[in-house]
Amino acid sequence: MKNVYVVKVSIKGIMEFALTNNMNRVRNNPPLLDNHGLLAPLDNPKEYVFGGVSGIIHEDRNLNGDWRSFLPTDERQNHRRFDDYGCATHSHQNSVETQMNFLTGSALVRQEDRDWLKNNLYLDFNGKVNFDDRFIVVESGTRPRIGNYLHAPWDASRKLGLPPQGSTPFTEDMTESAYYTNEDFSQFAYTIGLEFLTRFLIQYERILTTDDKALRKALKHAPVQLGLATCGGWFSESTIQGCGQSANHACLLVNIEQDGSKWVYDSYEPFLKKLAPNYTIPFAYKGVLYPIVSVGNKKFDEQHIFEKD
């Protein structure tokens with residue numbers, strides 16, 4: 001006689017499995033939105049301009065302009081229950097984290113400051129510097145389902161500093177309304193952020209000319225924050241072709257190949273994407289992170305400190 005097996009399956013169990021599976025599918029392959037959280041830059045004559053009127057001294061810190069070896073731990077903007085529309089902040093965070101990984105890895109930060117970062121929990125489980133995303137998303141004025149300007153996170157971080165990841169509460173079960181309030185922010189987040197600014201300086205400038213020549217030069221100083229369109233294939237592993245649409249998303253330029261192909265680091269999977277040479281870059285910003293006191297104990301030249309509102 002053949003064995004007969006009876007399997008009991010509850011309708012509730014099937015529905016829970018299907019819901020979880022669908023949530024994971026949407027999370028890993030989010031829909032192409034009209035806007036992923038980017039607002040077009042305002043015309044601000046007081047802004048520093050790369051290659052023009054600027055208080056930032058250009059420095060070829062990374063001679064080959066390739067930042068891929070210094071990327072931070074991957075983090076996404078689409079959470080289990082909502083998209084935080086914080087691409088302006090996530091690209092900003094990726095820039096300062098990448099720069100800090102470069103600076104510490106290249107012995108350009110004093111041991112005293114490296115110890116301070118470690119002792120104040122700035123290093124994540126991968127041993128990489130990780131700043132608190134929610135803190136800057138909220139404090140920079142990001143609006144739910146609308147987003148923010150590229151300059152806003154730079155202004156927030158240069159005034160409030162950068163607390164370590166975990167300084168503000170966050171879980172994947174958090175609702176959108178709970179995420180966007182600062183009522184549960186601890187005093188520690190603000191205190192440690194301001195202490196960070198006693199050790200590190202943050203500046204930024206807009207890149208008005210976004211051709212390859214200008215972007216290659218800027219990349220030798222720091223990664224470049226881009227405003228661009230999410231063209232077809234944005235969530236694939238293949239090279240993404242340009243589509244000529246309006247900018248609706250921000251990500252971080254980390255390398256340009258000889259043929260003009262661009263590698264960008266994103267807050268959607270796959271996190272590292274390759275853009276075809278025909279990809280249009282409507283606007284860009286370059287933010288720079290410096291230790292205030294260098295390894296040789298030389299203090300940053302105060303006449304070049306960014307002070308404009």
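**His221, the sheet and the cysteines in a predicted model**

Biologist: Where does His221 lie?

Modeller: In this predicted model, His221 sits in the loop that runs between helix 8 (212-219) and strand 2 (224-228).

Biologist: Why is His221 called buried?

Modeller: The relative accessible area of His221 is 0%. Buried means under 20%, so His221 is buried.

Biologist: What makes the link between the side chains of His221 and Lys286 a polar contact?

Modeller: The two side chains are joined at 3.0 Å, and the cut-off for such a pair of N or O atoms is within 3.5 Å. Leaving aside neighbours within four places in sequence, His221 is in contact with further residues, including Trp67, Val288 and Tyr290.

Biologist: Which strands are called edge strands in the open sheet, whose order is 1-6-2-3-4-5?

Modeller: The six strands of this sheet pair in the antiparallel sense. Strand 1 (200-207) and strand 5 (272-275) are the edge strands, as each pairs on one side only.

Biologist: How do you know that strand 2 and strand 3 pair?

Modeller: Pairing requires at least two bridges, and strand 2 and strand 3 (residues 249-256) have five, in the antiparallel sense. Leu226 has Cys251 in strand 3 as its bridge partner. Helix 8 packs on the sheet and touches strand 3, among others, with its direction at about 80° to that of strand 3.

Biologist: What makes Cys231 and Cys243 a disulfide?

Modeller: Their sulfur atoms are 2.0 Å apart, and the cut-off is within 2.5 Å. The count of disulfides by this rule is one.

Biologist: Why is the disulfide of Cys231 and Cys243 called left-handed?

Modeller: The torsion about its S-S bond is about -70°, so the disulfide is left-handed.

Biologist: Is Cys243 buried, partly exposed or exposed?

Modeller: Cys243 has a relative accessibility of 36%. Partly exposed covers values between 20% and 50%, so Cys243 counts as partly exposed. Cys231, at 3%, is buried.

Biologist: Why is the sulfur of Cys251 not bonded to that of Cys87?

Modeller: The sulfur of Cys251 is 8.6 Å from that of Cys87, its closest cysteine sulfur, which is too far for a bond. Cys251 is buried at 1% relative accessibility, and Cys87 is buried at 0%.

Biologist: What is the pLDDT over residues 1-28?

Modeller: The pLDDT is below 50 over residues 1-28, and also over residues 302-309. Where pLDDT is low, the predicted coordinates should not be read in detail. The mean pLDDT of the protein chain is 89.

How values were computed:
Residues are numbered from 1 along each chain as its sequence is written. This is a predicted model: local features need pLDDT of at least 70, side-chain atom pairs count only at pLDDT 80 or more; totals for chains, interfaces and linings use all residues. Side-chain values use heavy atoms; hydrogens and water are left out. Helices (H or I, at least four residues) and strands (E, at least two) are DSSP runs, numbered from the N terminus. Buried means under 20% relative accessible area, exposed over 50%, partly exposed in between (1.4 Å probe, protein chains only). A polar contact is a pair of N or O atoms within 3.5 Å; within protein, one must be able to donate a hydrogen and the other to accept it, and residues adjacent in sequence count only if both atoms are side-chain atoms. Contact means heavy atoms within 4.5 Å. Axes are lines fitted to C-alpha atoms, for helices over the stretch in contact, and angles run from 0 to 180 degrees between N-to-C directions. pLDDT is the predictor's confidence in each residue, from 0 to 100.
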